[in-house]
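Let's take a walk through this one together, starting at a pocket and working outwards. Keep the structure open beside you as you read.

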Amino acid sequence: MYARDAKKHEEVWLLDRLDEFGFEDPAFRSRDYVLAIDEQTNERAGFARLRVHAVDDEQVCEFTNIGVLEDWRSRGVGAHLLEHLVEDARDQGFETAYALTDEPEYLAQFGFQRVPADSLPEPLPDRLDATREYQPDAVPVRLNFVDFEIPERLRKRFTERESDEESEPEESAEDFGIDSDSATYKYDTGG
C-alpha cells in the first residue's frame, strides 16, 4: 500500500466516491486529494483531502473527506493516508491541522485531540456548521504534528513504498469516465 497525489483524470472516480460516502466538497479540486493505492493490484483503496484556507494573512490546514473503501477497512489504509497528509502539510510549512469528524476516536489514535468549537480559527466555525448538515455528530479535532504517530499495529498493515512514475498503474477507460462496455462516456460532459 502506498499513498500518492490524485491525478486530474481521477476526478470522476473521486466525485463518485465522495457521493458514495455522502461527503460534501463545494470547493472540489482533485489536486488537493491523496489516494491510497494497493501496490499489488493498483486498486484504489481510499482517499483524503488536505485543504488550505486563507483568511486575511493567516492560513489554516484542514484534513477532510477521509474515506476508506469498505473492502479495505481495518488494513491501515487510513493511517497511510494521514501520514501522507501530515508530510504534505509539513512541507507546506504547517505545524498543525484540524479535522471536522464524526469519528474523533479513530483520529485520536494518531494524536488528534478534541477542541472546543468556539476556539476554531476562521473559517472553520462555518465549515463545522456545513459539515454537521451531513454529519450531525461532527466535532472539531486538532493535530499538532509533533504529536502525530501511527500505532505500530497499524504500521504493520502496510508497507512503505516510494511512488515513482514508472510503477504507476496503467490508465484505463474507466479513469476517464468512459464506459468500456459501450465505449461511451458514463457522464454527461455538458456538450
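In this predicted model, the largest pocket holds about 540 Å³ of space. Lining that pocket are 29 residues, and the closest to its centre are I66, G67, V68, E103 and Y106. If you want to find the pocket on screen, those five residues are a good place to centre your view.

Which elements build the lining? Those that give two or more residues to the largest pocket are β4 (58-68), α2 (77-91), β5 (96-101), α3, α4 (124-134) and α5. Strand β4 provides the largest share, with six residues. As for chemistry, the lining of the largest pocket splits into 13 nonpolar residues, ten polar ones and six charged ones.

Stay with β4 for a moment, since N65 lies in that strand too. N65 has a positive phi of about 50 degrees, although it is not a glycine. Is N65 buried or exposed? Its relative accessibility is 6%, and the cut-off for buried is under 20%, so N65 counts as buried.

Carry on past the strand and you reach S74, in the loop between β4 and α2. S74 is another non-glycine residue with a positive phi, this time of about 65 degrees. With a relative accessible area of 64%, S74 is exposed, whereas N65 is buried.

Next, look across to F21, in helix α1. F21 and G67 are 46 residues apart in sequence, yet their C-alpha atoms are 7.4 Å apart in space. What else does F21 touch, once its neighbours within four places in sequence are set aside? F21 is in contact with F47, G67, V68, L69 and R73. Two of those names, G67 and V68, came up earlier among the residues closest to the centre of the largest pocket. F21 counts as partly exposed, at 23% relative accessibility.

F21 also brings us to the aromatic residues: W13, F21, F23 and F47 form one aromatic cluster. Across the whole structure there are nine aromatic pairs. Take W13 and F47: their ring centres are 6.2 Å apart and their planes sit at 85 degrees, so this pair is edge-to-face. W13 is in helix α1 (residues 11-21) and F47 is in strand β3 (residues 44-55), so the pair ties together parts that are 34 residues apart in sequence. Both partners are on the buried side of the cut-off: W13 has a relative accessibility of 13%, and F47 has a relative accessible area of 0%.

A second pair, F110 and F148, has another geometry. Here the ring centres are 6.4 Å apart and the planes are at 20 degrees, so the pair is stacked. F110 sits in the loop between α3 (104-108) and β6 (113-114), and F148 in the loop between β7 (139-144) and α5 (152-155), so the pair ties together parts that are 38 residues apart in sequence. Both F110 and F148 are buried.

Two more loops are worth a stop. In the one between β6 and α4 you'll find P123, and the peptide bond leading from E122 to P123 is cis, with omega near 0 degrees. In the loop between β2 (33-37) and β3 sits E39, which is partly exposed, with a relative accessible area of 27%. E39 is 36 residues from A3 in sequence, and the two are 9.7 Å apart in space, C-alpha to C-alpha.

Now zoom out to the whole chain. Its secondary structure comes to five helices and nine strands, and read along the sequence the pattern is β-α-β-β-β-α-β-α-β-α-β-α-β-β. Among contacts between residues at least 6 apart in sequence, 69% join residues at least 24 apart. The pair of W13 and F47, tying together parts 34 residues apart, gives you an example of such a long reach along the sequence.

Finally, the surface. Of the 191 residues of the chain, 45% count as buried. The chain's accessible surface comes to about 10900 Å², and 41% of that belongs to carbon and sulfur atoms.

Methods:
Residues are numbered from 1 along each chain as its sequence is written. This is a predicted model: local features need pLDDT of at least 70, side-chain atom pairs count only at pLDDT 80 or more; totals for chains, interfaces and linings use all residues. Side-chain values use heavy atoms; hydrogens and water are left out. Helices (H or I, at least four residues) and strands (E, at least two) are DSSP runs, numbered from the N terminus. Buried means under 20% relative accessible area, exposed over 50%, partly exposed in between (1.4 Å probe, protein chains only). Contact means heavy atoms within 4.5 Å. Accessible areas come from the Shrake-Rupley method with a 1.4 Å probe; for residues, only the protein chains shown count as cover. Rings of Phe, Tyr and Trp (its six-membered ring) pair if their centres lie within 6.5 Å; planes under 30 degrees apart count as stacked, over 60 as edge-to-face and the rest as tilted. On a 1 Å grid over the protein atoms alone, a cavity is a set of points where a 1.4 Å probe fits but cannot get out, and a pocket is an open set with protein on both sides within 12 Å along at least five of seven lines; lining residues have an atom within 4 Å of a point. Grid points are joined across faces, edges and corners, and a volume is the space filled by probe spheres set on the points. Ala, Val, Leu, Ile, Met, Phe, Trp, Tyr, Cys and Pro count as nonpolar, Asp, Glu, Lys and Arg as charged, and the others, Gly among them, as polar.
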